[in-house]
Amino acid sequence: MTKVRHVLGISGGKDSAALAIYMKNHYPDLDIEYYTSDTGKELDDTYKLIENLEIYLGKKIIKIAATDGENEKPFDHFLKVYGGFLPSSNARWCTQKLKIIPFEKFVGDDLVISYVGIRGDEDRDGYISKKSNIQSIFPFRKNIWSEDVIAKVLANANIPILMDLFEVVANDDKAKRYQEILATPLSASYKQSQKLNQLLDLDTKGFNRLVFAYLKSTAYPLASETYFPLVENEDILVKRDIFEILETSGVGVPAYYKEIEFESNGKTGTYARSRSGCFFCFYQQKIEWVWLYEQNPDLFAQAMEYEKDGYTWNQEESLVDLIQPERIKAIKEEYIKRTERKRKPESAYMLDILSEAADEGCASCFI
Ligand code: SF4
């Protein structure tokens, strides 16, 4: 049987860190390789989190290098290659060069299961490799499978195969209903997501066993495993659980998530940074830039130095413009208004509001 590697990428964000802790505690028999691909431009809190995690895991987190050079930070190396052209959400060369390509080199042609920390309260699929030797699994979600696997499994052409495999999920009181759902073809009025949810709601473990059995007939990495413990996983973890895992493990929540109070025009608000990644990341919201300016002025000054030859981190204004007193005041006031409108009574974290925009963006950097 071909050996399958199990890997978990630590982005420096809370969700991947919590996933590493969760996997160690729930699946200690899986020999997971933890890795991180450093851009050289993370906040100190991120490096601290990685150190704390190594202690907790009792294992080295492999540092994947995007470049061979020792004297130059990976981001700076590629910025030169791109002639000073700063990355943006429309031209995200940084993720490609600093995260995805190094990761794909790291795994080579080996069969790989990659665990991804997308939470049960998020509606996105994250990075799915185009390489067929890499299969993503999402342990925090009810649906642990990636979109490509689900599309394959639930394709109408596969209904007879699934019906034949059905004995793996056979469960007396649910069997009839399960078969009915399986046998119903997808159509304009019966979408894949509906069928998936019905199957998962009826019997999550049963569905997972069915998918695992089906994958045996494919080239997916899991076809080479005789046993996969996550098939029995029914956990769904949401944001609150993630903070709890980090706090109770002692690894800790990175300090940049901590809300800090600010005052503007007689009103008070709180701000924080909502995600990991480079300190100058263009996905930051304006209030996060203000946070960086006021809480980490040295890093803000470094971010400003990158803005030259007409390139800026934000499309519509430079960092010099953004820190004009009137502009800072306006950003803060707009943010206070927005949070007053949107803060949900049950939300314990400002992050719930700040991270609305983080739901899009770079899964390799922020999970
Ligand atoms: S954190 Fe932002 S700037 Fe850094 S690599 Fe990721 S997307 Fe690019």
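## A tour starting at isoleucine 61

Select isoleucine 61 and show its contacts: apart from neighbours within four places in sequence, this residue touches Ile10, Tyr34, Tyr35, Thr36, Ile50, Leu53 and Glu54. The model on screen is a predicted one.

Stay on isoleucine 61 and colour the chain by secondary structure. The residue sits in the loop that runs between H2 and strand S3 (62–64). Is isoleucine 61 buried, exposed or partly exposed? It has 18 C-beta neighbours inside 10 Å, so it counts as partly exposed; a buried residue would need 20 or more, and an exposed one would have 12 or fewer.

Now add serine 37 to the selection and draw a C-alpha to C-alpha distance. The two residues, isoleucine 61 and serine 37, are separated by 24 residues in sequence and by 10.0 Å in space.

**The helix before the loop**

Next, select helix H1 (residues 14–26) together with H2. Which residues of H1 meet H2? Ala17, Ala20, Ile21 and Lys24 do, and on the H2 side they meet Leu49, Leu53, Tyr56 and Leu57. Colour this contact by residue type: 7 of its residues are nonpolar, 1 is charged and none is polar. Leu53 is worth a second click, as it also appears among the contacts of isoleucine 61.

Two packed helices are described by the angle between their axes and the distance between the axes. For H1 and H2 the angle is about 0° and the axes are 11 Å apart. Angles under 35 degrees count as roughly parallel, and H1 and H2 are therefore roughly parallel to each other.

**The domains**

Colour the chain by domain: domain 1 covers 4–146 + 231–249, domain 2 covers 147–230, and domain 3 covers 256–366. Where domains 1 and 3 touch, select the contact, which takes 26 residues from domain 1 and 22 residues from domain 3. On the domain 1 side, helix H2 (44–57) and helix H4 (93–107) each supply at least two residues. H4 gives the largest share of that side, 3 residues. By type, the domain 1 side holds 7 nonpolar, 10 polar and 9 charged residues.

**The whole chain**

Zoom out. The chain has 16 helices and 7 strands. Its radius of gyration is 23 Å, close to the 21 Å given by the globule rule for 367 residues, so the chain is as compact as a globular protein of that length. Along its principal axes, the C-alpha trace spans about 70 × 50 × 40 Å. Colour by burial to finish: 38% of the 367 residues are buried.

Conventions:
Residues are numbered from 1 along each chain as its sequence is written. This is a predicted model: local features need pLDDT of at least 70, side-chain atom pairs count only at pLDDT 80 or more; totals for chains, interfaces and linings use all residues. Helices (H or I, at least four residues) and strands (E, at least two) are DSSP runs, numbered from the N terminus. The radius of gyration is taken over C-alpha atoms; the globule rule is 2.2 Å times the number of residues to the power 0.38. Domain bounds come from an automatic or database domain assignment. Two residues are in contact if their C-beta atoms, placed from the backbone, lie within 7 Å. Ala, Val, Leu, Ile, Met, Phe, Trp, Tyr, Cys and Pro count as nonpolar, Asp, Glu, Lys and Arg as charged, and the others, Gly among them, as polar. Axes are lines fitted to C-alpha atoms, for helices over the stretch in contact, and angles run from 0 to 180 degrees between N-to-C directions. Angles under 35 degrees count as roughly parallel, over 145 as roughly antiparallel, 65 to 115 as roughly perpendicular and the rest as oblique.
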